Every structure is written in structure tokens, then in C-alpha cells.
Amino acid sequence: MTPVADRRGGVLARLATLLGEEGVGAESEVAVARPADEEEVSAVLRLAGEEGWSVLPEGAGVGGELSPLRGRVAGAPGIRAPELILSTLRLRGVLEHEPADLTVRAGAGRTLGEIQDAVRGAGQWLALDPPGGEGVTLGGMVATGSAGPLRILYGRPRDQLLGLILVDGAGRILRLGGKVVKNVAGFDLVRLSTGSRGTLGVVTEVTFRLYPLPEADRTMVWSGMDLREGWELGRRLARLPLPLAGAELLAGGWPSPLDGPGVRVLLRLVGSGPALDRMRAGLLEAAGLPLAELEGEASARAWATLAEEAGQPGPLLRVHVLPERGRELLPTLQELPFDRLALHLLVGTFRIAPGATAAPGGYERLLEPIRIAGGSLRPVRRWPGEGGAAGEDGLPETGTDAGGRTGGLAGRIAAGFDPRGILPGSWREGWR
Amino acid sequence: MKAGDPCAGIPPAPAAGLRSPVPRAAPFPGVDAGDPIQVDPQPMSLDRNLLRRLVSIVGPDAVLTDPDRLLVYESDALTQYRHRPGAVVLPGTTEALSQVVSLLHEEEIPFVARGSGTGLSGGALAVGGSVVIGTARMNRILELDPANRRARVQPGVINMDLTRAALPHGLIYAPDPSSQTACTLGGNVAENSGGPHCLKYGVTNRYVTGLTVVLPDGSVVELGGMARDEGGLDLVGLFVGSEGCFGIAAEIEVALVPEAEAARALLGIFRSMEEASRAVTDIMSRGMLPAALEIVDRETIRAVEASIFAAGYPKDAGAALVVEFDGVDAGLEDEVAAAVECCRRAGASEVRTAATEEERLALWRGRKKAFGTMGRLAPDLLVQDATVPRTRLPEVLEQVGEIGRRYGILVANVFHAGDGNLHPNLLFDRRDPDEVRRVEAASREIMEICIRAGGTITGEHGVGLDKRNYMPLVCSPEVLEAMARVKATFDPRGLSNPGKVLPDGYGPGTGAAA
């Protein structure tokens, strides 16, 4: 078995002939390829297939999941490092904005922020606020399929994606979907690709639908409660028949403007001025005066701060139950130490940053209430020094046995796209 | 009911014939001189032992083989075709459905699921004499969970009935296909159905959160689920819109949304579709997002006004535009006023607004009844479903009109203007073989101009049987192969709804060389 450094040298040399010097990097102990378009991605993946290299695609690395280039994968005991990291940052491609059709087509390496800047002048936006904020790449957003609070009004990335180009594990270039908002021509491989986390291939280009920028944007913040009171208030408000654009419960130390005494409940309202006034009146009646009200830019900034926090380093856990059953977890949560906690009140997912000092052991007390509530726990980022694979040292993943429930169907579908087994689903434990 | 042979009393299966391979299906097969309907030449014969075993699973009342009873199952809403099923089976539970499919899988008998048979792409047609598995008995709402805004239903539940059940809790099921008083949730899942309000609310795939699926080998799997965290491949998103080719949904979990506080509608009357489309563009570019934007053309208006559904649309109008806004009551009036302004600026000869709920429903009537009144204009109808980028609508509509004139075919247009989803209705008489040929040619040309305008072949009706040979116009061979691989993963034997979606040569069940 050749030493790591030698293998890396060989990989780099082969890649340089394919992509040129600017297409290759060696800033970590793993070789990095930086293809510039779908043809180069195809060539890299075909070469990797021939050579038997394991490949891990990576975008900007701020989305809160993993970042090989930031040391969150390589070196941890029990995790096999990839032989090649495929960076998507040079996949900038086109940026085609059709304001009259409310669509935008762009290379997957471009960031969400870039798109927002490009379409804002026409009074439009991409109504998505994924964890990690506007620094995430479009490809990363599609690969993780992650959605933020705006999803309750506008839907998730999977609901706003019109088409994409996917280069699969065998290097086949698949142009999926199109430019129109309704499209049922064939099986929905666009939705299959969204959230596939690199197991089917690399997304090189995307087409999204856009929305008109709302006339008004307002955030109302109630605070000063304990976790139980905050949850009850938050659920009561979130369940009002209002078209909310965000409904979150926050606890712990969040940066301004998300800070405040005790537990906070944040609601976001977007729409026309009169509609917002009417909604505000209803909320005041239901909950009394809020601690704070943010308008326009300040409102948007609050939610951007929330999104960016998810990309910060440190352990992160996701606990999910049906929204109403969150109540059953509160007694245990109330006793656990954590730096920050956020709960999406209408989706039911708690995101908990336990903090560097809290030990995983304490969190095992959550496992039984989660199981009783029919929910799941997934460590998104582990404690330093903790084992990486599901079932190894550290907090186990629980309640997420998707593979078991589908009888291996997901694995067989992915294998069709990755026959040589070079993409993460094939070689990385627990990736599916 | 006699003891002993459970098949006693069931008439023998129809005309003997060997089990036929899946026939090659063209979008509009050549017309037999004596019979204008394309009838499947070799209906399948199922052996008595198989029928006996089916009866032992679902009971004798739930297995149909009498040709008179099979008649209604020979067609869906794509009425040009007739395919006699080998039999019709009507299970009532997930367990029974699983056992039926297991049995058919074991015997290598193809099957096709059927809801209410309202599909417009031939998705429920029993090509090759497949066994039709009807979901009509699986019609219960299993769970209504307003606190979590979710429901769990069997596939045979009618779309409108779910909304009716949710309304007392202030919730609705948002996707509202025009056939919603008849179509089933299972059918909606199969086709990823849309409807006028999907402009604002989105399509079926946005609202299906979990599925219990009976795979083509009879095994039962759970996909997704709102109680499950997101992660892993989106198999729910893949299954929705798979048109019965990946198995049969036995339980469907959906998200419900709060009913909008209020809705306001207006009707713009225009001299031409061009003007109506300009109004639509103006409305959208002002940053408004209506709940619905629907246009009907002169031919459609004439048909409606001559029928019992006459809605008071002026008979000489070139086009009528229905605009609806919904949401928080405050502010809706401003949006309506702005939309009225857009209509006038585009040249509307008249704009009507609704002051009451009755008036709002009256404004919609012309649009809602349009499809049903087409029968006044000609005996037969071919409904297209092409979707183009909205800004290309005016030019595409003009080209559609030109094509209709060139082929001497009357075309009545009804469409979801906000989505660019056209429904040109090509009117003809199937007893006239030349007219049939012209309709096919016109249909193909319309499809081609829509694709050239950056569109797709189907926005909401599905590919089914009707459009499978047009798939290469929008999907490259690599993509068709990828779809075929996914299909083969779900259904290695090609038994689940064969002859649909993918063209010939793409895997099991599509016929001809693979």
C-alpha cells in the first residue's frame, strides 16, 4: 500500500494533465481537483473511476455539514478520508437571469449571495435561507437540500428548482428538468438529486424559480420565558392561520440581534404593508407586546444571522419530532447544558450546539424521550476526537434508519448512478 | 355463495389468447377502417387458478372479469384508446394490495393501478391486458392531525374530500386539479398533479411528506414521513410523478395548509389572447403573486356560453382572464385594484370584480366548466399539456392558432397563464380518419414549437401512454437511460404499468429492443 503522500502525488499529476495547473490543489493531505465545467467534472470522475479513487465533492464548506478542507473529515479515527476532493468553486458557468419569467440559471459554484445581488435590481429574490447563509454555493444548497425558516412560506430548495445538470459517478452528463415551473416529463430526477449529498454525482448548474421581493419584511421577537413557556407561546402563535415566513424558538447565547433575556420566539412576516399591519394586530392580541420589532433590512439581517450561525464550527445535533410532540422533550432539554438551541416551530427540528465543554454523555439522556416521541437524533458535526461513523464512539445516530425502512432501495438507486463506487454513498460509512 | 370453488359464479375470462407481449404503442396508432378506437388486439387471458388465488385474497366481489363490468376500465380520460384489462382487482387494505401484487409478480403478470380514471395521458390504460388494480375501496382518511398540519390517507380518497375534512380545522389540502371532485390522491401522487392554485401554492410533490409503497414485487416500504428528519435520498420526491411505474402508493401522508382568510377574484374581457397575456405579464412583473391566473379563449367561451353552464362571458370576447388573490384580508383590495389597472392598460374591454363569495364563484364558472363543455364543439377531443416560459406565451399561442388553421383543426385554448401551462384542446371527429391524421400531425407540431420556445411536453397531465414517444424531444438518451435504470431498480421485471412514460427500447416493460 503506497504511503498517502505518494498516492497523492500520483493523483495530482494525473489531474494536472486533465485540468491544467489551476485545476489542481494540494493544500491538504488530500488531493483537490477544481474542474471548471461539466466536461472537466466528467473527465475527473471517469479518471477516478478507472483509478479507483474515492471522491468527496465540496462546495464552500459553510453549510454546517462537513468540510474536508477545513479538517472535519480527514484524520478522525474511524473515518476513511477520500483520495480526492472535488471542489465545485470554479463551476461558475453562466448567470442567466430572466426577470420576466422569474427564473435564474447559474453555475453551481456561485454563491447564494451572488445570485441575490444579481436579481435584487429587478425586485426579485431566491426565497431560500439555508443553514450557512448566503455564502453557501448553489450546488451545495442543492446537494444538501437544506432549508431554513422561509420554507414554511416558499417551500424548500426541492420545490423551487426547475432544472439542473448532474454529472454522475460514471461521468455521464445528465441535463435534468428545464426552465419551466411545471414539468412532469418523466421521472423526477431533479428532486432525487436534491439532498443527495454527492451520492449520485456532482451538480454543475442549476435553474431556480424566483419570487418578487416582498413589499415589507417585519420580525417580532418575544422573550423572557423559560423553555416550556417559550415553546407553548411559540406553538400557539405559529399555529395561527397566518402566512408566516419564519417561526423560530431560540435559547442560549446568540449574537445580536438574536440575543435577549430568557428564551426568545421570533416570527417573520412578509407581504404588503396593510397585510402586515393586520397580522401584527392579531399577534399583539394573542401574545402581547414583543421585546422587539425589526423592519426591512434589520429584519432580514436577523434571519441571516440565524442562518450563518449554523455554519459555525463546533458540535451540532439535530433532533427531530413532529412539531406538536416537541413538548415531550422539553423537560430533558431544560436540564442539558448547551451553547445555542434553535427550534423551527412548524417543522419540529431542534438544532442544538452543545458547546465545546459539554460532553456527549449528558446528551444520552435525550435518547429515550426522543424514541418515545417517535423522533430521531442525528449528530451533524461531532465533538472533537469523537468517532465519525454511525454507531462508533460518541453519540449514536438514532431513529434515522432510512436504509432499513426502504430495504436497501436507496442504495441500489445510488449504485445505478455510481457503478464504480467512487462517490461518498459507496465508500463512506453512514453517508446514506 | 357456494362453498367450495370460490370462483363459482365468476364468468370465464374473456377471449382466449396467449399472454401477449407489450405491444408497441404509438402516440396515435393507425386507425383500423372499421373501428375508430384503438382496441388492444390480444387481451390477456388469466388462468382460473390465478383468478382463484386473487379471489382468496380480496373476495369474489373484488375480482372482475365479466366483459360488461370491465368496460369502464378499458379507458381513462384519454378516450381515444381502449385496452381491455385481463381482470380488475379491488383490494381494500395495504396488506391485501401487497398480497395481490406479490401474486402477480410471482406469475409475471403486468398490472396498472387506477384511481378514478380521470387521467388525461392514458396512465391507467391496461396496455397488453394488464391487470387493473383499482384503489376505489381504499378510500379512508386514516388520520387527520391538525396540530401538526398533516393527514394520512389511502390512495382512493378523493382530493376534494380531503379538503372538506380538513376545513373544519381551518386547513385545506392545497393542490386543486380541475378534476378534484373526482380524482384521487393516489392519482395525484402518480401524476404530480397541479391545478389553478399551484401558481402560488405549488404542486403535489410539495405537499406529499411520506408514503407507504407496495413495490412491484409486493414488498412494502416506508418512504419519508413528517416525523422523520430529512436526509438520505428523496425517494418520496422521486416516487411522486412516477405514474405508477415504481409500484403503488398504499398510504399517503400529506401536509395541510391554513385556509386563506379571504379570496378576491376579477375577470378581464379582452379582444385577443395577446392582450390577455400582456395583462398577465404586467401583473407578474409588478411583483404580485396571485393565487391563480387562468385564460380561456374565444372558442372556449363560445362553447361555455352555449351550454347549460353559461357564465355570462360576452360571446364575442377574444379571451377572458380570471385573476384570483388570496391571503390576509387587508391588502387584497389593493392587489385587485392593481390587477384591474393592468387589465385596462392591456386593453381590456371590460373588467368585472366580485363583491361577494357567490360572485367570485360565478366569475370562475366559465373557466371551471370549460373542459366539460367541449363536447358541444366536436365529438372528440385531444388535450395537450405543453408548458412554456410564461413570456413566450403570446408568440406560442399565435403559432398554435396558425397550426390549427393550417391543418383545418378547431383548437380551443384553456390555460394556466401564470405557469405558462397551455391546454390546447384539439377538436375532431374520430370517425374521420383524415381528420385523425391531421390532429396527430398538428399535435406533434404544437409540441415541437413549445419545446423550441424553451418548454416541456407536459406540465401536469403526465407522459403516460400519450406522450411517451415525444420524450426524446425533451430528454437526452443519457437521461432516458438514467430514468430506465431507476425504473429497473424499482421494477426489474417491468410489470408495474408497462408501456408508459419511457419510449420503446428503454428497459423492461417498454417493448421492442431494450
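Reader: In this predicted model, which residue of E6(B) stands opposite B:Val88?

Author: B:Val88 stands opposite B:Val132. B:Val132 is also the bridge partner of B:Val112.

Reader: What makes E4 and E6 of chain B a pair?

Author: Pairing requires at least two bridges between two strands. Strand E4 (residues 87-89) of chain B and E6(B) have 3 bridges, in the parallel sense.

Reader: And what joins strand E5 of chain B to E6(B)?

Author: Strand E5 (residues 111-114) of chain B is joined to E6(B) by 4 bridges, and the two strands run parallel. At least two bridges are needed, so E5(B) and E6(B) count as paired.

Reader: Why are both faces of strand E6 of chain B called covered?

Author: Residues on each side of E6(B) (residues 131-134) are buried: B:Val131 and B:Ile133 on one side, B:Val132 and B:Gly134 on the other. Buried here means under 20% relative accessible area.

Reader: Turning to the sheet of 7 strands in chain B, what makes E17 and E18 its edge strands?

Author: Strand E17 (350-353) and strand E18 (380-383) each pair on one side only. The order is E17-E14-E16-E15-E19-E20-E18, in an open sheet with antiparallel pairing. Neighbouring strands are turned by 15° against each other on average, direction ignored.

Reader: How do you know that E15 and E16 of chain B pair?

Author: Strand E15 (residues 292-297) and strand E16 (residues 319-327) are joined by 6 bridges and run antiparallel. The requirement is at least two bridges. B:Glu294 stands opposite B:Val322 in E16(B).

Reader: Which strands does helix H12 of chain B lie across?

Author: Helix H12 (residues 357-368) lies across E14, E15, E16, E17 and E19 of chain B, running at about 50° to E14(B). Helix H14 (residues 393-407) of chain B packs on the sheet too, touching E19 and E20, and its direction makes about 160° with that of E19(B).

Reader: Why are H15(A) and H17(B) called roughly antiparallel?

Author: The axes of helix H15 (residues 409-417) of chain A and helix H17 (residues 477-490) of chain B cross at roughly 150° and come within 10 Å. Angles over 145 degrees count as roughly antiparallel, and the two helices therefore fall in that class. Their crossing is right-handed.

Reader: What makes the contact of H15(A) with H17(B), by class?

Author: The contact has 6 nonpolar, 2 polar and 2 charged residues. H15(A) contributes A:Leu409, A:Arg412, A:Ile413, A:Gly416 and A:Phe417, and H17(B) contributes B:Ala482, B:Arg485, B:Val486, B:Thr489 and B:Phe490. Gly counts as polar, so A:Gly416 is one of the polar residues.

Technical notes
Residues are numbered from 1 along each chain as its sequence is written. Chains are lettered from A and ligands numbered from 1 in the order in which they are written. This is a predicted model: local features need pLDDT of at least 70, side-chain atom pairs count only at pLDDT 80 or more; totals for chains, interfaces and linings use all residues. Side-chain values use heavy atoms; hydrogens and water are left out. Axes are lines fitted to C-alpha atoms, for helices over the stretch in contact, and angles run from 0 to 180 degrees between N-to-C directions. Angles under 35 degrees count as roughly parallel, over 145 as roughly antiparallel, 65 to 115 as roughly perpendicular and the rest as oblique. A crossing is left-handed if the near helix is turned anticlockwise from the far one by less than a right angle, and right-handed if clockwise. Contact means heavy atoms within 4.5 Å. Buried means under 20% relative accessible area, exposed over 50%, partly exposed in between (1.4 Å probe, protein chains only).
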